[in-house]
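Reader: Hi, I have just opened this one and would love a quick tour. Please start with the terms you'll be using.

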Amino acid sequence: MYKNKIKKLYIQERKKKNKKWHRVLPFGELIVDRWEKAKYLGFGEKTSIYDSSIVMGNVRVGKDTWIGPFTLLDGTGGGLTIGNHCSISSGVQIYTHDTVDKCVSGGKAETVYEPVVIGNNCYIGPMSIISKGVEIGDCCIIGANSFVNESYKDHVIIAGTPAKEIGRVEIRGGRIRRIYFRENENGEQES
């Protein structure tokens with residue numbers, strides 16, 4: 001009986017969402033209010049987080065930040081802070097701990113915990129992973145599929161596995177320029 005009611009609700013909501021937004025989403029995304037979930041978690045005003053996102057530990061998020069589907073926000077290792085006006089794309093994983101040393105030592109070493117800070121106005125591309133202890137400055141761009149295991153200052157473009165600085169973001173009078181580095185004949189980066 002309940003199964004049929006749930007199925008009917010799913011079909012009804014799927015049809016409405018597809019008609020309005022041209023999207024077909026998992027059931028949870030159809031019935032959960034992303035802004036209410038963010039509010040429940042104590043995140044900033046106008047922030048949204050998909051139902052499929054996992055949030056663990058001490059996670060603080062500023063205002064007007066979008067947290068996409070299938071993300072993992074781990075604040076168990078001293079806290080995770082994400083600033084205002086950020087986009088955390090689909091599949092991003094941010095960790096504040098790791099068990100690498102513990103595993104390779106056969107359990108003799110401890111789990112390592114370090115907080116992570118993401119500044120304001122940052123874009124984190126799909127499927128990127130940010131490791132424990134990393135601090136990302138304001139107005140940064142992290143390319144898709146990047147593994148970030150070092151900290152970076154403001155206004156940089158970061159990409160790769162492991163990630164490296166590949167450019168910078170310039171903001172002047174409301175105009176935004178992405179300047180990518182290129183290698184000269186000596187293998188050195190220049191803009």
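Author: Happy to! Two strands pair if DSSP finds at least two bridges between them. Strands (E, at least two residues) and helices (H or I, at least four) are DSSP runs, numbered from the N terminus. This is a predicted model, in which local features need pLDDT of at least 70, side-chain atom pairs count only at pLDDT 80 or more, and totals for chains, interfaces and linings use all residues. Residues are numbered from 1 along each chain as its sequence is written, and side-chain values use heavy atoms, with hydrogens and water left out.

Reader: Great. How many helices and strands does the protein come to?

Author: There are four helices and 19 strands. The C-alpha trace spans about 70 × 55 × 30 Å along its principal axes.

Reader: And what share of the residues is buried?

Author: Of the 191 residues, 38% are buried, meaning under 20% relative accessible area with a 1.4 Å probe, protein chains only.

Reader: Which strands make up the open sheet, and in what order?

Author: The open sheet has eight strands in the order β1-β3-β5-β10-β13-β15-β16-β17, and its pairing is mixed. At the edges stand β1 (48-49) and β17 (175-180); each has a single partner strand, so one side of each is left without a neighbour in the sheet.

Reader: Which residue stands opposite Ser48 in β3?

Author: That is Trp66. β1 and β3 (residues 66-67) pair in the parallel sense, over two bridges.

Reader: Let's move along the sheet. Is β15 parallel or antiparallel to β16?

Author: Antiparallel, with five bridges joining β15 to β16 (residues 163-172). One of the bridge pairs is Ala159 with Lys164 of β16. The two strands form a hairpin, with two residues between them.

Reader: And how many bridges join β13 to β15?

Author: Two, and here the strands run parallel. Ile142 of β13 (residues 141-142) stands opposite Ile158 in β15. β15 itself (residues 156-160) is mostly covered, with four of its five residues buried.

Reader: Changing topic: why is β4 largely enclosed by the rest of the structure?

Author: β4 covers residues 72-82, and eight of its eleven residues are buried, so the rest of the structure largely encloses it.

Reader: How many bridges join β2 to β4?

Author: Seven, with β2 (residues 54-61) and β4 running parallel. Gly57 has Gly75 in β4 as its bridge partner.

Reader: What about β6 and β9?

Author: β6 (residues 93-94) pairs with β4 in the parallel sense over two bridges, and Leu73 stands opposite Ile94 of β6. β9 (residues 116-118) is joined to β4 by three bridges, again in parallel, with Val116 of β9 as the bridge partner of Leu80.

Reader: Last topic, then: where is the place of Lys132?

Author: Lys132 sits in the loop between β11 (129-130) and β12 (135-136).

Reader: What is Lys132 in contact with, leaving aside its neighbours within four places in sequence?

Author: Its contacts (heavy atoms within 4.5 Å) are Tyr95, Thr96, His97, Asp98, Val112, Glu114, Pro115 and Val116. Val116 is the β9 residue that came up earlier as the bridge partner of Leu80.

Reader: How far apart are Lys132 and Asn145 in space?

Author: 17 Å, C-alpha to C-alpha, with their places 13 residues apart in sequence counted as the separation.

Reader: And for the protein, what share of contacts joins residues at least 24 apart?

Author: Among contacts between residues at least 6 apart in sequence, 17% do.

Terms used
Buried means under 20% relative accessible area, exposed over 50%, partly exposed in between (1.4 Å probe, protein chains only).
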